[in-house]
Amino acid sequence: MAAVKETVDRVKAIDVDAYKYGFVTDIESEKAPKGLNEDIVRFISAKKNEPEWMTEWRLDAYRRWLTMDEPTWARVEYPKIDFQDLYYYAAPKSMAGPKSLDEVDPELLRTYEKLGIPLREQEILAGVQNSRVAVDAVFDSVSVATTFRAELAKAGVIFCPISEAVHSHPELVKKYLGSVVPVTDNYYATLNSAVFSDGSFVYIPPGVRCPMELSTYFRINERNTGQFERTLIIADAGSYVSYLEGCTAPQRDENQLHAAVVELIAHEDAEIKYSTVQNWFPGDAEGKGGIYNFVTKRGDCRGDRSKISWTQVETGSAITWKYPSCILRGDESRGEFYSIAISNGRQQVDSGTKMIHLGKNTTSRIISKGISAGRSNNTYRGQVSAHRKATGARNFTNCDSLLIGHDCGAHTVPYIESKNASAVFEHEATTSKISEDQLFYCTQRGLSEEEATALIVNGFVRDVLQQLPMEFAVEAQKLIAISLEGSVG
Amino acid sequence: MLEVKNLHVSVGGRKILDGLNLTVKDGEVAAIMGPNGTGKSTLSYVIAGREDYEVEEGEVLLDGVNILEMDATERANAGVFLAFQYPLEIPGVATMTFLKAALNAQARAKGQGELQTPEFMKKVREAAQKLGVAQDMLKRPLNVGFSGGEKKRMEILQMALLQPKIGILDETDSGLDIDALRIVADGVNALRAQDRSFLVITHYQRLLDYIKPDTVHVMARGKIARTGGPELALELEKSGYAAFTGEAA
């Protein structure tokens, strides 16, 4: 059919052009030799001048990793990864640890400018005062710049690369690292524990409301390089922080591995809001290239009345394997998960959340919106469980899937487990298709089919978009439109 | 001016329009009446550019340009507006957002700048007030949970904002009580203008008591069976369509 062919051609043409972050920055980099063994782990640790305890922690993780098998239960398919054919460490050569932004390679600053992330504080200050965001920028394996540190320090907030926190705040790192995602948690988390190179560290002292949004931008630049970042956020009693991460990578023919670990700890009455706009390169229309995104994110509501909220907008990656979860340990603690996952082309998404109710009167809420277009597959996988002591646990789950076109798939796999008779779990799910009638109605008013699709999709995801910080909601809305270009047939 | 010339249309191999000819002059209000299943809605969809209809032969000219070569978006931007018999619901999209998207799309197509928000809001509020559309309805998702009458009023509101060259009303009277009918008709009458024409598709004379047509066409078996003035509608009210279906059969 001519119409089908035309659509396929358009998707092909657009998919590649639409990924506007697909440039490569020409920066000399220093890499560890290819492959993984104990020497590489020591090499990474030495690069960071790490103390002995940290090196041992990594080696322990590495040895355990050797005994583990790659998980295969997700609804994703990909050729077996040769973990010996990857670089585990890459750093821009000029980076011997900048003291200030003036020492940062101008080429790197230009890269972040291209991404629309201003790293120069004065530029941000000169702009809109209200939209001030402190940024930590991670390029391949190292953090290149963290902004607004002085101002944050006044409030007692620590926001720095984790490699630095190991030196400056070893007591905090020792106490919390691996306390939410244990070293042996799963194959990719264990690998991350062995080779993680950088990421962000955040500590909010008791009673402090973090004066600005914190944000980390991750960029994979080098070829054949895995990125293994590690983020650790601790909100002490009665504090509040809102944190956003953004991710992009160049367009490459081969797949790149991204295996991050994020750990959140919320003490009594503390609240952490963690938002992600994930836009890794999704691969081309045939499914060539793109990022394998195997990420472990978990939050621990350790104190009573603590709250952790995950919001994610997932549009990129060839494969997504990601389940941001909450352990509701404190009594009356609350976990939230708001997700928009869009897949197009040949993308495969297997994502969802876990809400583990341990404390009394804990509540959780899951709103998941999956949108599949092209020939993609989109799976929601979620687990809600109540421990036998979790009296009065409550969960509400709403999973909606929207299909665009005829060749994509949407799947919902909820696991619900209750060991306490007083727990109340509700689950709602819908699957719908954008109807020809809706599209015709919109085009009859003068909208193009693509504008119409974007409008309908934005309506579909509205509940979740509202959860994002203002500045990023607009960005996310645009991103959704770009991801769906060429998806109408 | 809208000219339909020798239009042959089929759906899934079944012939619906069979050599239909029709002219609606600028400023004219033409009514199309006829029994169920005679192709009235098909005609409106084919003019507006809905896919899945196979145009085998013929032309549809808007001011001399054959719009059959355009897609639905281009036709809308050229000034074709269809008030749907069953307006679609767009969940999660506020009515105001939808109106703005449509208005801006058409402004862009005409090479005009997009409307500034305050100017746009003012325009919508004024038009809404005239049609008795409550302000809070503009904040609700488009057509979701609207009553039949509210949906039809929303169609006319969109038409008032988009200012088309030709407005096609597909059974706009269906499901309306007499008060709602009057409001909708007043809305249409307020839009009557020298350079705008209307094609009013209806079963019943009732709507034509409020929107007075210049011409009445009777459609049967895929073509125009008879054309006359407003008195033709009254005649049909008495005698029904039997003569036409019989005549055509």
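These legends walk through several close-up views of a predicted model with chains A and B.

**View 1. Chain A as a whole.** Let's start with the big picture for chain A, which has 489 residues, 62% of them counting as buried. Its secondary structure adds up to 13 helices and 23 strands. Take the contacts in chain A with a separation of 6 or more: 83% of them link residues 24 or more positions apart. On the outside, the accessible surface of chain A is about 18400 Å², and carbon and sulfur atoms make up 49% of that.

**View 2. Where chain A meets chain B.** Now to the place where the two chains touch. How many residues does each chain bring to the contact? Chain A brings 19 residues and chain B brings 32 residues. Together the two chains bury about 2100 Å², with 61% of that area on carbon and sulfur atoms. Three residues to look for are Phe440(A), Tyr441(A) and Arg445(A): they supply 37% of the area that chain A buries against chain B, more than any other three residues.

**View 3. Polar links between the chains.** This one zooms in on the polar side of the interface. There are 13 residue pairs in polar contact between chain A and chain B, and 3 salt bridges cross the interface. One of those salt bridges pairs Arg445(A) with Glu155(B), and their closest N and O atoms sit 2.6 Å apart. On the chain A side, the elements that give two or more residues are α10 (436-444) and α11 (449-460). Of these, α10(A) gives the most, with 8 residues. Sorted by type, the chain A residues that touch chain B come to 7 nonpolar, 6 polar and 6 charged.

**View 4. An arginine tucked inside chain A.** Here's a spot worth pausing on: Arg58(A), part of helix α3 (residues 52-66). Is Arg58(A) buried or exposed? Arg58(A) counts as buried because its relative accessibility is 0%, while the cut-off for buried is under 20%. Its side chain has a partner, too: a polar contact of 2.8 Å joins Arg58(A) to the side chain of Glu50(A). Leaving aside residues up to four places away in sequence, Arg58(A) also touches Val41(A), Ile44(A) and Ser45(A), along with Ser193(A), Ala194(A), Val195(A) and Phe196(A).

**View 5. Ala194(A), on the other side of that contact.** Shift over to Ala194(A), one of the residues touched by Arg58(A). Ala194(A) belongs to helix α9 (residues 187-195) of chain A. With a relative accessible area of 1%, Ala194(A) is buried. Which residues does Ala194(A) touch, not counting those up to four places away in sequence? The list is Val41(A), Arg58(A), Ala61(A) and Tyr62(A). For a sense of scale, Glu268(A) is 74 residues away from Ala194(A) in sequence, and their C-alpha atoms are 31 Å apart in space.

**View 6. An enclosed helix in chain B.** The last stop is helix α1 of chain B, residues 40-48. Why is this helix described as largely enclosed by the rest of the structure? Because 8 of its 9 residues are buried. The buried ones are Lys40(B), Thr42(B), Leu43(B), Ser44(B), Tyr45(B), Val46(B), Ile47(B) and Ala48(B). After α1(B) comes Gly49(B), with a positive phi near 95°.

Terms used:
Residues numbered from 1 in each chain as written. Chains lettered and ligands numbered in written order. Predicted model: local features only at pLDDT ≥ 70, side-chain atom pairs only at ≥ 80, totals over all residues. Heavy atoms only, no water. Contact = heavy atoms within 4.5 Å. Buried area = accessible area lost by both parts, 1.4 Å probe. Salt bridge = Lys/Arg side-chain N within 4 Å of Asp/Glu carboxyl O. Polar contact = N/O pair within 3.5 Å; in protein donor to acceptor, adjacent residues only side chain to side chain. Helix = DSSP H or I, 4+ residues; strand = E, 2+ residues; numbered from the N terminus. Nonpolar A, V, L, I, M, F, W, Y, C, P; charged D, E, K, R; others polar. Buried < 20%, exposed > 50% of the residue type's maximum accessible area, 1.4 Å probe, protein only. Areas by Shrake-Rupley, 256 points an atom, 1.4 Å probe, with all protein chains shown as cover.
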